[in-house]
Amino acid sequence: MIKPAALRPGDLVRLIAPSSPPVDETSLPQAIRGLESLGYRIGYSPGIFRRHGFLAGRDEERARDLEEAFADPEVKAVFCLRGGYGSGRLLSRLDWEGVCSHPKVFLGFSDLTAISCGLWVEGGLVTFSGPVALSDLHDGKPIPASWEHARSCFGSTKPIGSIFSHLFSREGVRVISPGSARGRLMGGNLSILCSLLGTPWQPDFAGSILFLEDVAEPTYRIDRSLTQLGNAGVLSAVEGVTLGDFSYSEDRRRKDEKRGVQVLDEVLADRLSGLGKPVVAGFPFGHIKPKATLPFGCMATLDGERGDLVIEEGAVQ
């Protein structure tokens, strides 16, 4: 495992778009001002406004932007402008030896799960599943709790501790299966993780605490993805499962109940309660605001009695 150097005020952060493009050019200056207000110097890849269909440029262009961001010795962190779709298309194109020889903070979630998994498999690099530069702003300003927690994860070498700092509420946490487990915190977006099964960039999840989130997927698709993880042996290999936000509103719940289909909690219980290991849902990460940041690769304890997740070590050096 390689921990990147801590990100300090005044350090240079490079913005990249490995997946979908920004909605419009006016959004970038707003993101830059927001991140500068946190004390960082901000640069961005020259081709950040490229557009190729639903992608932020052709695969070779986006791969080059990522490689150049990691290779630049002045750049101390690589933040993603947004998620969307497309980062998995880069995995077979990247010069992994070159990228992993320059470890630095990599921040992003959702579709960027593919890059985090690649950095872990290829180089054992700790990465950060947390806010992105566009969607985690409000009126052009960083959402305080999201960015304060992110900065505590990649700005300090101290153990991160409970995900439930003073920044986040325990409201909505549900214990699906009790118990306690310890392991490396690994995971990300459920759909993206399933897309990596059987590829060279599927991490070895044995002994891990698996964290999962997704956005606005029908419950049958969540069932299908969890079933796929189970059939692939992932769920039997992990020590515990922690579940974040799935963008499942009360309105969707009522519509599912009216249609007579399984609601989210029924799917989660059906697929995960029989594992014989702790499973806790409702943690504040994923497509939610504010969101906590999870360091991919750090040791953590999942407490299925109290409904807590404690990150036992610092994620940077």
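**Exercise 1. Overall form.** State how many helices and strands the protein has, and decide how its radius of gyration stands against the globule rule.

*Solution.* In this predicted model, the protein holds ten helices and 16 strands. The radius of gyration is 18 Å, close to the 20 Å that the globule rule gives for 317 residues, so the protein is as compact as a globular protein of that length. Taken along the principal axes, the box filled by the C-alpha atoms is roughly 50 × 40 × 40 Å. Turning to burial, 57% of the 317 residues are buried, and the protein exposes about 12800 Å², of which carbon and sulfur atoms supply 48%. As for contacts between residues at least 6 apart in sequence, 80% of them join residues at least 24 apart. Finally, the protein carries 35 positive and 39 negative charges, and the mean positions of these two sets lie 2 Å apart.

**Exercise 2. Two helices and their buried faces.** Determine which residues of helix 1 and of helix 10 are buried, and how they are arranged around each axis.

*Solution.* Begin with helix 1, which spans residues 27–36 and in which Ser27, Leu28, Ala31, Ile32, Gly34 and Leu35 are buried. Seen down the axis, these residues fall within an arc of 165°, so they line one face of helix 1. The cover over them includes strand 1 (12–16), strand 2 (41–44), strand 3 (75–80), strand 6 (137–138), strand 7 (141–142) and helix 5 (144–154).

Repeat the procedure for helix 10, residues 264–272, where the buried residues are Leu264, Val267, Leu268 and Leu272. Their arc around the axis is only 100°, which puts them on the same side of helix 10. Among the elements that cover them are strand 9 (174–177), helix 7 (219–231), helix 8 (234–237), strand 12 (240–243) and strand 13 (279–281).

**Exercise 3. Two residues and their surroundings.** Classify Leu193 and Ser45 as buried or exposed, and list what each of them touches beyond four places in sequence.

*Solution.* Leu193 is found in helix 6, residues 190–196. Its relative accessible area is 4%, under the 20% cut-off, so Leu193 is buried. Leaving aside residues up to four places away in sequence, Leu193 touches Thr113, Cys117, Gly187, Gly188, Phe205, Leu210, Phe211 and Leu212. For a distance in the model, consider Leu193 and Ala69, which are 124 residues apart in sequence and 24 Å apart in space, C-alpha to C-alpha.

Ser45, by contrast in its setting, is placed in the loop between strand 2 and helix 2 (59–71). With a relative accessible area of 1%, Ser45 is buried, and under the same exclusion of sequence neighbours it touches Arg14, Leu15, Ile16 and Asp65.

**Exercise 4. Backbone geometry in the loops.** Identify the cis peptide bond that ends at Pro290, and examine the phi values of Ala216 and Ser247 together with their exposure.

*Solution.* The peptide bond from Lys289 to Pro290 is cis, with omega near -5°, and Pro290 itself sits in the loop between strand 13 and strand 14 (294–296). Next, Ala216 has a positive phi of about 55° although it is not a glycine; this residue belongs to the loop between strand 11 (208–213) and helix 7. The relative accessible area of Ala216 is 49%, and that makes it partly exposed. For Ser247, likewise a residue other than glycine, phi is positive and near 50°. Ser247 lies in the loop between strand 12 and helix 9 (250–259), and its relative accessible area of 24% makes it partly exposed.

Note on methods. Residues numbered from 1 in each chain as written. Predicted model: local features only at pLDDT ≥ 70, side-chain atom pairs only at ≥ 80, totals over all residues. Heavy atoms only, no water. Buried < 20%, exposed > 50% of the residue type's maximum accessible area, 1.4 Å probe, protein only. Helix = DSSP H or I, 4+ residues; strand = E, 2+ residues; numbered from the N terminus. Arc of directions from axis to C-beta. Contact = heavy atoms within 4.5 Å. Rg over C-alpha atoms; globule rule 2.2 N^0.38 Å. Areas by Shrake-Rupley, 256 points an atom, 1.4 Å probe, with all protein chains shown as cover. Lys, Arg positive; Asp, Glu negative; His and termini not counted. Charge placed at Lys NZ, Arg CZ, Asp CG, Glu CD.
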